[in-house]
Amino acid sequence: MSRGASAKDRKMLLILCGVMLVMIVGVSILVPQSAENDPRPAITNSGPKGAKAAYLTLGALGIKTSHWDGSLAKLNEDWGDAQVARTTLILAAPEYGATEQKALAAEVKRFLERGGRVIATGPSGALLLPGGEVKAPGLLESGLCRTTPEGPGPLARAGSVEMTVSSQWANAGPRYRVEQRCGADAVVVRYAVGKGEAVWWSSAAPLENEELKNDGDLRLLMASVGDSQRLEQNAGRDVVFDESLHGAVKTLWDAAKGLPMRWLALQAALLFVLLVLSFSRRRGPLRLPVQLPRSSPVEFAASMGDLYEKAAASTAATEAAKRRLLRVLTREAGLAQGTIEEGPEAIAEALSERLGGDWSRVSAHLHEAKRAQHEAIAMRSALALVRALSEDAESVRRSLEPESARRARLQVEQV
């Protein structure tokens, strides 16, 4: 049979749905970001903020391009001075820890002093350059602006570009040549370091995929990549995009690395199955508990007979049948207790007076039962006596029935 869902069942179902909703939201948050949402200016990123277009465009223009995935210390160790002197290293919005900054800045300075060229973008890139200091922009709020070229420098000659301003160059010494400004904020700066030259942009926007389609951004990238004094020799330079300081996108999924996610997922699935099974079991069809059938009266009588036979307890059986007969005579036939105590003849006489007929057989059976109390009789004889006493009790009951009830009973027996 079916019943309506109880309040407890509805509560369990709501809890189960809530757990599944939390799991779905958690998975959607923890999954890695797609390319469209990847903010890294990496050469493998084809999204709007990636640098894949810049990497491919420079190669198509005849400039040898490559990427570096190792440490900056290894780059300085493996490359000779001649190779460093013809190389431009691009550090586009590098990512690193506070404890790594000092060592990374030392390697960048070493690369510059050997004659290399470095393009660094954003506040994190400025902190890796010698003397690099930034401060908050002087505009009312940071955002995208169109720069104003300043001076006759090669980077200023690239023309106005769109630049995302999140910070401005703080050092104002004579060695730092401001090439582009957003209002009064210095957003494109270049200066010499040893044999090399450092270039800083306020952001990596000019080399990002969504901005490189603008002529000014492409010209600024070409001017920054080449030697400021010998732009005609840019085709002979090597451009290396550093990818070691980009790494993977930092998400909550990265924080979960190292955890036994497979086992956690398995346990969550097992918990879900247990919840479903526990709910469905209580919501299934109801039925009465199985009851083992008791033995039939015939089997019970047979079992009792076997017990009496094994114990040779014929006296107990005849005495029990006698007591049942006497109980019928006193409670149903209405014989006085004194009559019962006078003996079998008095009982037969009282039955004849009350019910009519000959009841001498009852007297004979009671005499036999009294004799069985003192003398051992055969089991067959005891069984016959018990049956006779039971028939006497039934005869008394029938004699006490009203005439209408007797007729109805006889009709039922005949059917």
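In this predicted model, the structure holds 16 salt bridges. One of them joins the side chains of Glu210 and Lys49, with 3.0 Å from N to O. Glu210 sits in the loop between strand 11 and helix 8 (215-225), while Lys49 belongs to the loop between helix 1 (7-30) and helix 2 (52-60), so this salt bridge ties together parts that are 161 residues apart in sequence. Both partners can be found partly at the surface: Glu210 is partly exposed at 28% relative accessibility, and Lys49 is partly exposed at 33%.

Other salt bridges stay within a single helix. The side chains of Asp78 and Lys74 meet at 3.1 Å, N to O. These two residues are 4 apart in helix 3 (residues 72-78), and about one helical turn therefore separates Asp78 from Lys74. Asp78 has a relative accessible area of 44% and is partly exposed; Lys74 is likewise partly exposed, at 42%. A further example comes from Glu394 and Arg398, whose side chains form a salt bridge of 3.8 Å, N to O. In helix 16, Glu394 and Arg398 are again 4 residues apart, about one helical turn. The general background is helpful here: an α-helix has 3.6 residues a turn, so residues three or four places apart point the same way. Glu394 counts as partly exposed at 35% relative accessibility, and Arg398 does so at 38%. Salt bridges can also be joined up, as in the network that links Arg117, Glu179, Arg190 and Glu197.

Aromatic rings offer another kind of pairing. The whole structure contains 6 aromatic pairs. In one of these, Trp169 and Trp200 are tilted, with 5.3 Å between the centres and 50° between the planes. Trp169 lies in strand 8 (residues 168-169) and Trp200 in strand 11 (residues 196-201), so the pair ties together parts that are 31 residues apart in sequence. Both tryptophans, Trp169 and Trp200, are buried. Tyr176 and Tyr191 form an edge-to-face pair, 4.7 Å centre to centre and with 80° between the planes. This pair links distant parts of the chain, since Tyr176 is in the loop between strand 8 and strand 9 (177-182) and Tyr191 is 15 residues away, in strand 10 (residues 185-193). Tyr176 and Tyr191 are both buried as well. Taken together, Trp169, Tyr176, Tyr191 and Trp200 make up one aromatic cluster.

Helix 15 (residues 360-372) shows how a helix can pack against its surroundings. Its 13 residues span 19 Å from the first C-alpha to the last, close to the expected 18 Å. The buried residues of helix 15 include Val362, His365 and Leu366, and its buried residues pack against helix 12 (314-331), helix 14 (344-355) and helix 16 (379-400). Val362 gives a closer look: with 1% relative accessibility, this residue is buried. Leaving aside residues up to four places away in sequence, Val362 touches Leu325, Leu351 and Asp392.

The surface has a nonpolar patch too, formed by Phe272, Val273, Val276 and Leu277, with about 310 Å² of accessible area together. Within this patch, Val276 belongs to helix 10 (residues 261-282) and is partly exposed, with a relative accessible area of 32%.

Finally, the chain as a whole comprises 17 helices and 12 strands. Of its 415 residues, 37% are buried. Among contacts between residues at least 6 apart in sequence, 67% join residues at least 24 apart. The chain exposes about 24,400 Å², and carbon and sulfur atoms supply 58% of this area.

Notes
Residues are numbered from 1 along each chain as its sequence is written. This is a predicted model: local features need pLDDT of at least 70, side-chain atom pairs count only at pLDDT 80 or more; totals for chains, interfaces and linings use all residues. Side-chain values use heavy atoms; hydrogens and water are left out. Rings of Phe, Tyr and Trp (its six-membered ring) pair if their centres lie within 6.5 Å; planes under 30 degrees apart count as stacked, over 60 as edge-to-face and the rest as tilted. Buried means under 20% relative accessible area, exposed over 50%, partly exposed in between (1.4 Å probe, protein chains only). The expected span of a helix is 1.5 Å times one less than its number of residues. Contact means heavy atoms within 4.5 Å. Patches are made of residues with over 30% relative accessible area and no salt bridge: like charges are joined within 9 Å, nonpolar side chains (Val, Leu, Ile, Met, Phe, Trp, Tyr) within 5 Å. Accessible areas come from the Shrake-Rupley method with a 1.4 Å probe; for residues, only the protein chains shown count as cover. A salt bridge is a side-chain nitrogen of Lys or Arg within 4 Å of a carboxyl oxygen of Asp or Glu.
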